[in-house]
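Let's work through some exercises on a protein model together. Keep the sequence and the 3D view open as you go.

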Amino acid sequence: MSRSHEVLTPLECTQRALQWIGKENLTHDEMVSLNQEVLHNFREYVNPGFTEYRKSVTAGGDYGTVEWRASGPNTLVDTQGNEFLDCLGGFGIFNVGHRNPVVLDAVQKQMAKQPLHSQELLDPLRALLAKTLATLTPGNLKYTFLSNSGTESVEAALKLARARQAPRGKHTFIAAKGAFHGKSLGALSATAKDAFRRPFMPLLADFHHVPFGDIQALRKQVYDCERQGNGVAAIILEPIQGEGGVIVPPDSWLPAVRRLCDEVGALLILDEVQTGMGRTGKMFACEHYGVQPDILCLAKALGGGVMPIGATVATEEVFSVLFDNPFLHTTTFGGNPLACSAALATINVLLTENLAEKAAQNGEYLLDGLLALAEEYPDLLVTARGKGLLLALEFRANEIGYAFSSEMFRRRILVAGTLNNAKTVRIEPPLTITLPECRRVLKEAREALKKMRAERMHEKQRDEELLLQ
């Protein structure tokens with residue numbers, strides 16, 4: 001019986017886990033043992049679907065690739081010692097790079113002082129972070145509710161909007177087709193993907209979805225609701241759709257949405273969980289379009305790749321619905337000292353190192369190169385698109401995108417499809433990626449596409465020969 005299949009007591013489980021945590025390096029036998037144990041535990045105790053999902057990142061043996069540590073701001077090492085250039089960035093978590101020393105230092109110092117707050121006394125870092133976000137975010141956004149994730153930040157936004165607008169007879173929400181806002185019941189009601197929604201129907205009532213970037217369709221839905229007496233409480237949008245396939249709307253879209261909201265007294269909620277914190281070349285994607293929301297949702301990169309944290313920032317007018325009773329919407333761990341220290345350090349790094357500007361520059365270089373690849377390989381690629389370092393390649397079919405991700409993995413570069421499908425492969429590295437690393441991405445992508453084309457031509461030739469037999 002292998003060690004991974006042993007029957008262990010809870011104490012023995014924790015002792016073994018602490019031994020793994022304490023190891024800096026692994027021998028070959030330890031690597032094999034850990035990989036087998038992790039794969040077994042995922043299949044038996046986490047979810048066997050995850051091992052199937054990650055079959056594109058499997059390199060030999062009967063185990064999926066198991067990550068071990070960050071080896072630099074933009075690289076990861078697996079348990080076998082293979083180093084990968086991270087072009088996923090944790091789906092937008094690692095904007096300031098892996099294990100950023102400024103963020104780690106702040107968290108370690110706060111951990112030595114007070115890891116979690118008492119819940120009764122006023123915790124200073126929550127106050128300092130809230131003020132920082134008020135000065136950082138656009139326009140009149142002022143008050144912040146802190147949570148633990150992007151989904152929670154969206155839930156808070158929906159509740160704020162409902163509490164603000166219900167006395168005015170406005171209960172309806174409008175979101176976009178292709179949207180992703182999270183998977184809790186409220187956030188899922190705004191999320192558009194049918195496969196995520198269907199098992200949990202019925203979701204919250206009074207949610208409608210319109211084509212992203214189509215102002216006429218949005219206007220029609222808004223006024224249809226208004227005429228039927230279903231006043232629109234809020235429109236919730238991503239400035240650029242991330243999981244929907246890195247869809248960049250027309251430049252006129254967001255300003256037109258803002259004007260429409262003002263026409264009918266609807267609130268504008270912008271979900272910048274993935275697009276915020278410098279990702280698109282501005283601190284917030286809405287700044288590209290000169291638009292201020294009534295409510296802004298943040299998470300992912302806000303914790304610097306070290307701590308989970310979400311934030312819902314709103315105008316005083318909207319947030320005031322919680323003034324009389326601040327306990328209407330609360331969270332035990334949201335805004336804890338460790339998460340706040342990470343967020344404050346992250347904002348400091350983003351500003352001092354001008355990472356948004358670097359994202360704009362390196363993103364433009366990468367996008368130009370990816371567009372050139374789309375022209376060079378039209379049989380495989382439809383196009384490339386994105387803004388800053390939120391980029392994507394759209395392939396002709398899901399299986400082609402999947403094959404590209406697998407080939408890039410073999411070339412030690414991590415990319416992946418979006419949650420909607422593998423047809424669109426995202427390229428979303430840390431904002432600390434260097435120009436030489438960008439060149440490497442483009443070089444390996446070209447070689448991967450070249451190999452894929454040759455393999456497809458060989459398969460086509462073989463099929464033709466079989467037909468002639």
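Helices (H or I, at least four residues) and strands (E, at least two) are DSSP runs, numbered from the N terminus. This is a predicted model, in which local features need pLDDT of at least 70, side-chain atom pairs count only at pLDDT 80 or more, and totals for chains, interfaces and linings use all residues. Residues are numbered from 1 along each chain as its sequence is written, and side-chain values use heavy atoms, leaving out hydrogens and water.

**Exercise 1.** Find what lies at the two ends of α13.

*Solution.* Start at the N-terminal end: N336 caps α13, with a side-chain oxygen 3.1 Å from the backbone nitrogen of L338. (A polar contact is a pair of N or O atoms within 3.5 Å; within protein, one must be able to donate a hydrogen and the other to accept it, and residues adjacent in sequence count only if both atoms are side-chain atoms.) Next, go past the helix: N354 follows α13 and has a positive phi, near 50°.

**Exercise 2.** Explain why α13 is described as largely enclosed.

*Solution.* First, locate the helix: α13 covers residues 337-352, 16 residues in total. Then look at burial, where buried means under 20% relative accessible area (1.4 Å probe, protein chains only). Of the 16 residues of α13, 12 are buried, so the rest of the structure largely encloses this helix. Among them are P337, C340, I347 and L350. Finally, identify the neighbours: the buried residues of α13 pack against α5 (101-113), α6 (124-136), β4 (141-147) and α14 (355-376), with contact meaning heavy atoms within 4.5 Å.

Notes:
Expected span 1.5 Å × (residues − 1). Buried < 20%, exposed > 50% of the residue type's maximum accessible area, 1.4 Å probe, protein only.
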